[in-house]
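Colleague: I would like to learn how to read a model like this one, feature by feature. Where should we begin?

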Amino acid sequence: MSRKNLYFVGTAGSGKSTLTSAFGQWLKNEGYDSIAVNLDPGCDALPYEPDVDVRDWIHISEIMKEYSLGPNGAQILAADMLALNIGEVTDVINSFDADYALLDTPGQLELFAFRQSSRAVVDGIGAEMSMLAFLLDPVLVKNPNGLVTSLLLSLTVHFRVPIPMMTVLAKADLLSELEADTVETWSHDPQALWSALCDESIDAQTQISLEFLQAIDNVGAIMDFSLVSCDTYDGMADIYSAVQQALEGGEDIER
Ligand SMILES: Nc1nc2c(ncn2[C@@H]2O[C@H](COP(=O)(O)OP(=O)(O)OP(=O)(O)O)[C@@H](O)[C@H]2O)c(=O)[nH]1
Ligand SMILES: [Mg+2]
C-alpha cells in the first residue's frame with residue numbers, strides 16, 4: 001500500500017499548520033499512521049513536532065544573511081533551493097512507513113501557486129498519490145464576494161498544480177450558526193451564491209464577482225467544500241473521505 005501525500009495550502013494564517021497537526025491527531029485516533037512534514041523554511045514555531053522539517057536543509061534567516069536578501073526574496077530563493085534538494089527530503093520522507101504524509105506549506109501562497117519549484121517538489125515527493133487541501137479563510141468567505149475571489153484563488157492553485165484538490169473551510173467554529181449555514185448552502189448551490197451576490201449592491205466589485213462565478217461554473221470546477229474545525233474536529237472525517245475518494249476510489253485503508 002502506498003503512502004498518500006496531502007498538501008495543506010492556503011493564504012497566510014488560514015490554518016494550515018494547525019490543521020496539519022489536528023488532522024494528524026484525528027488520523028491517529030482512527031488508527032492510521034501519518035507523518036507531519038514542514039515545508040515552510042521561514043516558520044518560527046509550529047503547533048506540532050515535524051517528522052521531516054525543511055529547516056534542517058534551508059533556513060530563511062541564513063539565506064537573508066548570506067545573499068543579502070529581504071524576507072520575501074529569501075523565501076523565493078528558499079523555494080528554489082527546496083526544489084533542488086527535494087531528492088534528499090523525499091528520501092527522509094520515504095524512510096517512514098506511514099499511511100499519510102501531511103505537508104504544511106508556507107504562508108506565502110504565491111510561492112506554491114506561481115513558482116515552478118512547487119511542481120518540482122510535488123513531482124519529487126511523488127505526484128501520483130498526492131492531493132491538495134485548499135483552506136478557505138472564514139473571515140474572507142462569509143460574504144459572497146469574498147467567497148468567489150477565494151474560490152478563484154483555489155482554482156488558480158489547482159491550475160498550477162494539477163493533482164486532485166479538495167477545498168475546506170477552515171476554522172469553521174469562528175462562524176456563527178447562521179453564517180455557517182449560509183456558507184454551507186453556497187458551497188453546494190452556486191445558484192444561491194449567485195442570488196446572494198445579486199442581493200449585494202451591484203457595484204463594480206459585485207459585477208466582476210458575478211463574471212468570476214460564471215467563469216468558475218463554465219470550467220466545471222467543483223465548488224463544494226467541507227466546514228472543518230481544529231477546535232471541535234468537525235469535518236475531519238470529510239477530509240479523510242475526500243482523500244480516499246480521490247486517491248483510492250473510495251476504498252477505506254485496511255487497518
Ligand atoms: N478557532 C480556531 N482557530 C484556529 C483554527 N485553526 C487555526 N486557528 C488559529 O488560526 C491562527 C493561524 O493558524 P496557523 O495554523 O498558524 O495558520 P497557517 O496557515 O499555518 O499560518 P502561516 O503558516 O503563517 O501562513 C492561529 O492562531 C491558530 O490557533 C480552528 O480550527 N479554529
Ligand atoms: Mg503555518
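Colleague: Which residues come nearest to ligand 1?

Modeller: This is a predicted model, and its ligand shell is a list of residues around the molecule. Here 17 residues surround ligand 1, and those that come nearest are Gly 15, Ser 17, Thr 18, Gly 107 and Cys 230.

Colleague: Which element gives the largest share of that shell?

Modeller: Helix α1, residues 16–29, gives the largest share, with 3 residues. By class, the shell around ligand 1 holds 8 polar, 5 charged and 4 nonpolar residues.

Colleague: How do α2 and α3 pack, and at what angle?

Modeller: An angle from 65 to 115 degrees counts as roughly perpendicular. Helix α2 (residues 60–67) and helix α3 (residues 71–84) pack at about 105°, and their axes lie 9 Å apart. The two helices are therefore roughly perpendicular to each other.

Colleague: Which residues of α2 and α3 meet?

Modeller: From α2 there are Ile 60, Ile 63, Met 64 and Tyr 67; from α3, Pro 71, Ala 74, Gln 75, Leu 77 and Ala 78. By class, this contact of α2 with α3 has 8 nonpolar residues, 1 polar residue and no charged ones.

Colleague: On to burial. Is Gly 146 buried, partly exposed or exposed?

Modeller: The call rests on a neighbour count: 20 or more other C-beta atoms within 10 Å means buried, 12 or fewer means exposed, and the range in between means partly exposed. Gly 146 has 16 C-beta neighbours inside 10 Å, so Gly 146 counts as partly exposed. Gly 146 is found in helix α8, residues 144–160. Leaving aside neighbours within four places in sequence, Gly 146 is in contact with Leu 140 and Val 141.

Colleague: How far apart are Gly 146 and Gly 15 in sequence and in space?

Modeller: They are 131 residues apart in sequence, and 17 Å apart in space from C-alpha to C-alpha.

Colleague: What does the count say for Glu 184?

Modeller: Glu 184 has 17 other C-beta atoms within 10 Å and is therefore partly exposed. Glu 184 is found in helix α9, residues 177–188. Its C-alpha atom is separated by 10.0 Å from that of Lys 142, 42 residues apart along the chain.

Colleague: How many residues are in the largest nonpolar core, and which have the most contacts inside it?

Modeller: That core has 66 residues, and Val 9, Ala 133, Val 168 and Leu 169 have the most contacts inside it. Not counting residues up to four places away in sequence, Ala 133 touches Leu 6, Tyr 7, Phe 8, Val 9, Met 166, Val 168 and Ile 239.

Conventions. Residues numbered from 1 in each chain as written. Chains lettered and ligands numbered in written order. Predicted model: local features only at pLDDT ≥ 70, side-chain atom pairs only at ≥ 80, totals over all residues. Near = placed C-beta within 6 Å. Helix = DSSP H or I, 4+ residues; strand = E, 2+ residues; numbered from the N terminus. Nonpolar A, V, L, I, M, F, W, Y, C, P; charged D, E, K, R; others polar. Axes fitted to C-alpha atoms, helices over the stretch in contact; angles between N-to-C directions. Parallel < 35°, antiparallel > 145°, perpendicular 65-115°, else oblique. Contact = placed C-beta atoms within 7 Å. Core = buried A, V, L, I, M, F, W, Y, C linked by C-beta atoms within 7 Å.
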